[in-house]
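Q: Please take one part of this model and go through it closely, residue by residue where that helps. Then follow on to the ring contacts and any other local features worth checking.

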Amino acid sequence: MADYDMVVIDEALQLSAEEFGRVHAMFLATGKQALLVMMGDDWQLPSIHPERAYSHPQWKFCQRIDLFEVCRCKCPLLQEKLDFLRHHKPMGAEGQRFLNKLCYKHKAWTGHDEPTNLDIQDVWNRTEGRTTFVTCTRRGAAIVNDLTVQVLFTNRNQRSIGLVLADYTEEPENYTEQGALREDRAPVARKLALYAGLRVQLTRNQDKENHYVNGMLAEVEAYHAESKASQVKTISGKRLAIYPYTDVNVPLGRCVYFPIRLGYAGTIHKYQGAELEHVTLWLDRKWSPAAGYVALSRVSRDEDYLIGGVVTVNHFLPAK
């Protein structure tokens, strides 16, 4: 930190207490000369670590500044719903009335929880391909991504232009039920069939000047088997060649994969902080109180969201 006048850490509450301790130690090493700004929201998703940053004994010495102006939301009706989720627990009759209001004219599919290919096809037709599916779990995101590829490419007899091994972090089998990376074996890359026009998301920061950055959306244009490279065009108009990457920092070995993932669906943790044109939320895990709030706050207007599956008040309450 000694090289900077100011250091800004976004989503600081995602840090564990141990990680915050490291940041604090670096801050002290500068002689407290750098301005350290940490931004976060208590009502965003909690850290995956049991001890969060504010549990560290030095956290209480941070000067706290509360911000109240809402910038993304442009709709009073949506803001009313977000305020309720932020400040209330939807319990009892009041909670059910709120849930009915939240889902009224906003259901993506109903009558069953896990979507079918017909459900996914209907959502894409209704949203004219503008939506992004957001789920609680990696398994849910993988289901939606696979169904989307099926309805947009496989069912339309589109020919695959190649088969690659994609980012291993998108393979649900690499994780335990608690969401931690398995340590009993080396992770395996996710097999991904490429199609011309397939929406993917880059997962590494390779060339920031040319927009080869983590989270960038792109469309597949071609695959060259001889050079083992896939050509994509980012939403910013840049054409990039994607080559396999070797990650040696994985448990029990190393993993070779293309740093891409399917870009139709992702977990709420991945989209925290993003601004989306339209969101289709599938709460595929109960007792996730911040999940609904974070997902719905990604859009600007009330007409820009759909909710799929069987939704109950338990999806918005903390675990008992």
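A: On the side of helix H1 that faces away from its buried residues, Glu-18, Arg-22 and Ala-29 are exposed. Here exposed means over 50% relative accessible area, buried means under 20%, and partly exposed is in between (1.4 Å probe, protein chains only). Helices (H or I, at least four residues) and strands (E, at least two) are DSSP runs, numbered from the N terminus.

The model is a predicted one, in which local features need pLDDT of at least 70 and side-chain atom pairs count only at pLDDT 80 or more, while totals for chains, interfaces and linings use all residues. Residues are numbered from 1 along each chain as its sequence is written, and side-chain values use heavy atoms, with hydrogens and water left out.

H1 covers residues 17–29, 13 residues in total, and spans 18 Å from its first C-alpha to its last, close to the expected 18 Å. The expected span is 1.5 Å times one less than the number of residues. The buried residues of H1 are Ala-17, Phe-20, Val-23, His-24 and Phe-27. Viewed down the axis of H1, these buried residues fall within an arc of 115°, so they line one face of the helix; the arc is that of the directions from the helix axis to the C-beta atoms. An α-helix has 3.6 residues a turn, so residues three or four places apart point the same way. Strand E1 (6–9) and strand E2 (35–38) are among the parts that cover the buried residues of H1; contact here means heavy atoms within 4.5 Å. After H1 comes Gly-31, with a positive phi near 70°.

Positive phi also turns up in residues other than glycine. Glu-11 has a phi near 50° and lies in the loop between E1 and H1. Glu-128 has a phi of about 55° and is found in the loop between helix H4 (117–127) and strand E4 (132–135). With 67% relative accessibility, Glu-128 counts as exposed.

Helix H2 can be read in the manner of H1. H2 (residues 76–87) has twelve residues and reaches 16 Å from first C-alpha to last, close to the 16 Å expected. Leu-78, Gln-79, Lys-81, Leu-82, Phe-84 and Leu-85 are buried in H2. Their cover includes helix H3 (92–103), helix H7 (291–296) and strand E16 (305–308).

Next, the rings. Rings of Phe, Tyr and Trp (its six-membered ring) pair if their centres lie within 6.5 Å; planes under 30 degrees apart count as stacked, over 60 as edge-to-face and the rest as tilted. That rule gives nine aromatic pairs. In one of them, the rings of Phe-153 and Tyr-195 have centres 5.0 Å apart and planes at 20°, so the pair is stacked. Phe-153 lies in helix H5 (residues 138–154) and Tyr-195 in the loop between strand E6 (190–194) and strand E7 (199–202), so the pair ties together parts 42 residues apart in sequence. Phe-153 is buried at 7% relative accessibility, and Tyr-195 is buried at 9%.

Tyr-168 and Tyr-257 form an edge-to-face pair, 5.5 Å centre to centre with 75° between the planes. Tyr-168 is in the loop between strand E5 (162–166) and E6, and Tyr-257 is in strand E12 (residues 253–257), so this pair ties together parts 89 residues apart in sequence. Relative accessibility is 8% for Tyr-168, which is buried, and 4% for Tyr-257, also buried. Elsewhere, ring pairs link Trp-124, Phe-133 and Tyr-264 into a cluster.

Charges meet rings as well. A charge sits over a ring if NZ of Lys or CZ of Arg is within 6 Å of the ring centre and within 35 degrees of the ring normal. The charged end of Arg-138 sits over the ring of Tyr-175, 3.7 Å from its centre. Arg-204 has its charged end over the ring of Tyr-245, 3.7 Å from the centre of that ring.

On cysteines, the structure holds zero disulfides, a disulfide being a pair of cysteine sulfur atoms within 2.5 Å. The cysteine sulfur closest to that of Cys-136 is in Cys-103, 14 Å away and too far for a bond. Cys-136 is buried at 9% relative accessibility, and Cys-255 is buried at 5%.
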